[in-house]
Amino acid sequence: MKDQKIMLVDGMALLFRAYYATAQSGYIRRTKSGIPTNAIYGFVRYLWDAVQLYNPTHIACCWDVSSKTFRTEEFAAYKGNRSAAPDDLIPQFDLILEVTESMGIPNLSAPGYEADDCIGTISRELEADMEVLILTGDHDMLQLVDERTSVIIMKKGYGNYKVYTPESLMEEKELTPAQIIDMKALMGDASDNYPGVKGIGEKTAIKLVKEYGTIAGILENLDQLTPSIRTKIENGLDMLHMSHRLAAIHREVPVVCSLDASLLLLEDDIILTKFEELEIKSLCSMLGVGVF
C-alpha cells in the first residue's frame with residue numbers, strides 16, 4: 001500500500017466555493033426544468049482538477065450533516081453568525097451526494113460531528129498505511145498536518161493550491177500543527193463565532209505560542225507577560241479553555257472509510273446517466289468518461 005494515497009475531500013468547502021464562484025456573477029446554471037446545478041458543476045470541476053494534479057488512488061468525501069454538534073452543545077453561539085444557505089444552493093445539497101455516488105466516491109459523515117472531525121479521524125486511521133491528502137479551503141485543517149498527511153488549501157480560481165506539510169507550515173507560519181489549535185484558542189475565530197481571549201489578536205497569539213510553546217506553557221509563565229496581556233488572559237481563562245476545545249478537531253469519531261469503497265474507479269454508464277439527468281454531460285470528457 002506504499003504507493004497508494006487517499007484524498008479526503010471537505011465536501012461543503014468545495015460546494016460553497018463552487019456556488020459562490022459563479023453566483024457572484026449573477027448567473028446560475030440550471031437544468032431545462034429549472035433545477036440549479038452551478039455548485040454541482042463547479043464542484044466536479046474543482047474536484048477533478050485536484051484529482052488530476054495529485055493523482056490519488058482512493059477518494060472519499062466528508063460532509064457536515066447537522067448544525068447541531070458537540071460544539072454547539074458546549075457553546076450555543078458556535079457558528080451562530082452564519083447566514084442561511086442561498087435558496088439556489090439548498091437543492092444542490094442532496095444532488096451533489098448523488099453525483100459523488102455516481103462517481104463511486106463514498107460520502108461519509110457522523111451525527112454530532114463536523115466534516116473536519118471525520119477527516120481527522122480517517123486521516124489518523126489510514127496514514128500508517130498510505131499517504132493522506134486533505135482537500136479543503138479551511139485553514140483549521142492545518143492542525144492535521146504531519147509527515148504522512150498533507151493539507152491542500154484551495155486558493156482563488158481553478159488549479160490554484162497551497163500544499164501544507166510540517167515543513168511548509170513551519171516555514172510560512174512558524175508554528176507546528178498542534179500550535180494552530182493554541183493560536184485559535186487565544187485569538188478565537190470570527191467565522192466560527194467563538195471569541196478566544198478578548199483583546200488578543202492573531203499577532204499576539206502567534207507571538208505567545210512561539211515563545212511559550214503551548215497554552216499550558218503560557219499559563220505557567222503568566223508572570224513573564226506584560227500586565228495588559230496577563231490581565232486579558234486571567235480574565236478570559238474559561239473562554240480560553242473552551243475555545244481550545246472548540247478549535248481542536250476531534251479524531252475519534254464513529255466513522256469508517258473502507259479502502260475498497262474509496263478506490264477511485266469510474267464506471268462510465270453510471271456517471272453518464274447521472275450527468276445527463278442533471279444536464280452536465282459536458283463534464284464527462286474532463287473525466288474521460290464516454291470517450292472511446
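Q: Quick one before we look at helices: what are the axes and angles here?
A: Axes are lines fitted to C-alpha atoms, for helices over the stretch in contact, and angles run from 0 to 180 degrees between N-to-C directions. Also, keep in mind that this is a predicted model.

Q: Got it. So at what angle do α2 and α4 pack?
A: Helix α4 covers residues 90–102, and α2 packs with α4 at about 35°, their axes being 9 Å apart. The two make a right-handed crossing.

Q: Which residues meet there?
A: From α2 you have Asn38, Ala39, Ile40, Phe43 and Val44, and they meet Gln92, Leu95, Ile96, Val99 and Thr100 of α4. Sorted by class, that contact of α2 with α4 has seven nonpolar and three polar residues, and no charged ones.

Q: And how far apart are the axes of α1 and α2?
A: Those axes are 8 Å apart, and the angle between α1 (residues 11–23) and α2 (residues 38–54) is about 115°. α1 passes α2 in a right-handed crossing.

Q: Who's making that contact?
A: On the α1 side, Gly11, Leu14, Leu15, Arg17, Ala18, Tyr19, Ala21, Thr22 and Ala23; on the α2 side, Asn38, Ala39, Ile40, Gly42, Phe43, Tyr46 and Leu47. Eleven of the residues in the contact of α1 with α2 are nonpolar, four are polar and one is charged.

Q: Switching to the sheet: what's the strand order?
A: Six strands form an open sheet in the order β3-β2-β1-β4-β5-β6, and the pairing is mixed. At the edges sit β3 (107–108) and β6 (161–164), each pairing on one side only.

Q: Do β5 and β6 run parallel or antiparallel?
A: Antiparallel: β5 (residues 149–154) pairs with β6 over four bridges. In that region, Met154 stands opposite Tyr161 of β6.

Q: Which strands does α1 touch?
A: α1 packs on the sheet and touches β1 (5–10), β2 (58–62), β4 (131–136) and β5, with its direction at about 55° to that of β1.

Q: What about α7 and α8, how do they cross?
A: The axes of α7 (residues 177–187) and α8 (residues 202–212) come within 9 Å and cross at roughly 135°. Because of that angle, α7 counts as oblique to α8. The crossing of α7 past α8 is right-handed.

Q: Which residues touch?
A: Gln179, Asp182, Met183, Leu186 and Met187 of α7, together with Glu202, Ala205, Ile206, Leu208 and Val209 of α8. The contact of α7 with α8 splits into seven nonpolar, one polar and two charged residues.

Q: Last thing: what does UniProt list for residues 4–265?
A: An unreviewed UniProt entry lists "domain: 5'-3' exonuclease" for them. Over residues 4–265 the chain is 46% helix and 11% strand, with the end C-alpha atoms 14 Å apart.

Definitions and conventions: Residues are numbered from 1 along each chain as its sequence is written. This is a predicted model: local features need pLDDT of at least 70, side-chain atom pairs count only at pLDDT 80 or more; totals for chains, interfaces and linings use all residues. Side-chain values use heavy atoms; hydrogens and water are left out. A crossing is left-handed if the near helix is turned anticlockwise from the far one by less than a right angle, and right-handed if clockwise. Contact means heavy atoms within 4.5 Å. Ala, Val, Leu, Ile, Met, Phe, Trp, Tyr, Cys and Pro count as nonpolar, Asp, Glu, Lys and Arg as charged, and the others, Gly among them, as polar. Angles under 35 degrees count as roughly parallel, over 145 as roughly antiparallel, 65 to 115 as roughly perpendicular and the rest as oblique. Two strands pair if DSSP finds at least two bridges between them. UniProt positions are given in the numbering used here, feature names are shortened, and annotations may be inferred rather than shown by experiment.
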